[in-house]
Amino acid sequence: MGQAAKVLQLFKTLHRTRQRVFKNDTRALEAARIKINEEFKNNKSETSPKKIEELIKIGSDVELLLRTSVIQGIHTDYNTLKLVPRKELLIENVPYCDTPTQKQ
C-alpha cells in the first residue's frame, strides 16, 4: 500500500474512532474533528518518506489510545460524573488473591 493510501486510511480511521469514542458529545466530537483536520493540514506538504512514516505511526498510536483508553463521562450533579464505557473497554477483571505468589 502506498504512503498516500496509508495516510488517507489513517485519516478515515481516526474520524471513525472519534465518532465512536465521543458519541453523543457534540463539543468533544467537534474539537476532535478540528484537531484531526488541523494536524493533517499542517503536515500536508511533508515529502520525506521517513517523516511521513513517523507521522503515520504517531497517528496510529493516537487512534489506539483513543480506542482503548478514553471513557466518556457525563456530569450528573455539580460534583458527580457518570461514566459511560464502551463494550470494547469492558474486560474481565483478574480475581484478587490474598496470598501473593512467589517469583522464582
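**Helices H1 and H3, and how H1 meets H2**

In helix H3, the residues that come out as buried are Ile-52, Ile-56, Gly-59, Glu-63 and Leu-66. Around the helix axis these residues cover an arc of only 85°, which puts them on the same side of H3. I should say at once that what we are looking at is a predicted model, so please hear everything that follows as a description of that model.

Staying with H3 for a moment, its 21 residues should span 30 Å at 1.5 Å a residue, and the C-alpha atoms at its ends are indeed 30 Å apart, which agrees. Against what do the buried residues of H3 pack? They pack against H1, while on the other side of H3 we find Lys-50 and Leu-65, both exposed.

That brings me to H1, which runs over residues 3–21 and, with its 19 residues, reaches 26 Å from its first C-alpha to its last, close to the 27 Å expected at 1.5 Å a residue. Its buried residues are Leu-10, Leu-14, His-15, Thr-17, Arg-18 and Val-21, and, seen down the axis of H1, they fall within an arc of 160°, so they line one face of the helix. The face turned away from that buried side carries Ala-4 and Arg-16, which are exposed. As for what covers the buried residues of H1, the cover includes helix H2, residues 26–42, together with helix H3, residues 49–69, and strand S1, residues 72–77.

Let me now take the pairing of H1 with H2 in more detail. The axes of these two helices come within 10 Å and cross at roughly 170°; H1 and H2 are therefore roughly antiparallel to each other, and their crossing is right-handed. On the H1 side, the residues that meet H2 are Val-7, Leu-10, Phe-11, Leu-14, His-15, Arg-18 and Gln-19, and on the H2 side their partners are Leu-29, Ala-32, Arg-33, Ile-36, Asn-37 and Phe-40. You will recognise some names here, since Leu-10, Leu-14, His-15 and Arg-18 also stand among the buried residues of H1.

One last residue, Leu-8, also lies in helix H1. Is Leu-8 buried, exposed or partly exposed? With a relative accessible area of 46%, Leu-8 is partly exposed, because that class lies between the cut-offs of 20% for buried and 50% for exposed. In sequence, Leu-8 and Phe-40 are 32 residues apart, yet in space their C-alpha atoms are 9.8 Å apart.

Note on methods: Residues are numbered from 1 along each chain as its sequence is written. This is a predicted model: local features need pLDDT of at least 70, side-chain atom pairs count only at pLDDT 80 or more; totals for chains, interfaces and linings use all residues. Side-chain values use heavy atoms; hydrogens and water are left out. Helices (H or I, at least four residues) and strands (E, at least two) are DSSP runs, numbered from the N terminus. The expected span of a helix is 1.5 Å times one less than its number of residues. Buried means under 20% relative accessible area, exposed over 50%, partly exposed in between (1.4 Å probe, protein chains only). The arc is that of the directions from the helix axis to the C-beta atoms. Contact means heavy atoms within 4.5 Å. Axes are lines fitted to C-alpha atoms, for helices over the stretch in contact, and angles run from 0 to 180 degrees between N-to-C directions. Angles under 35 degrees count as roughly parallel, over 145 as roughly antiparallel, 65 to 115 as roughly perpendicular and the rest as oblique. A crossing is left-handed if the near helix is turned anticlockwise from the far one by less than a right angle, and right-handed if clockwise.
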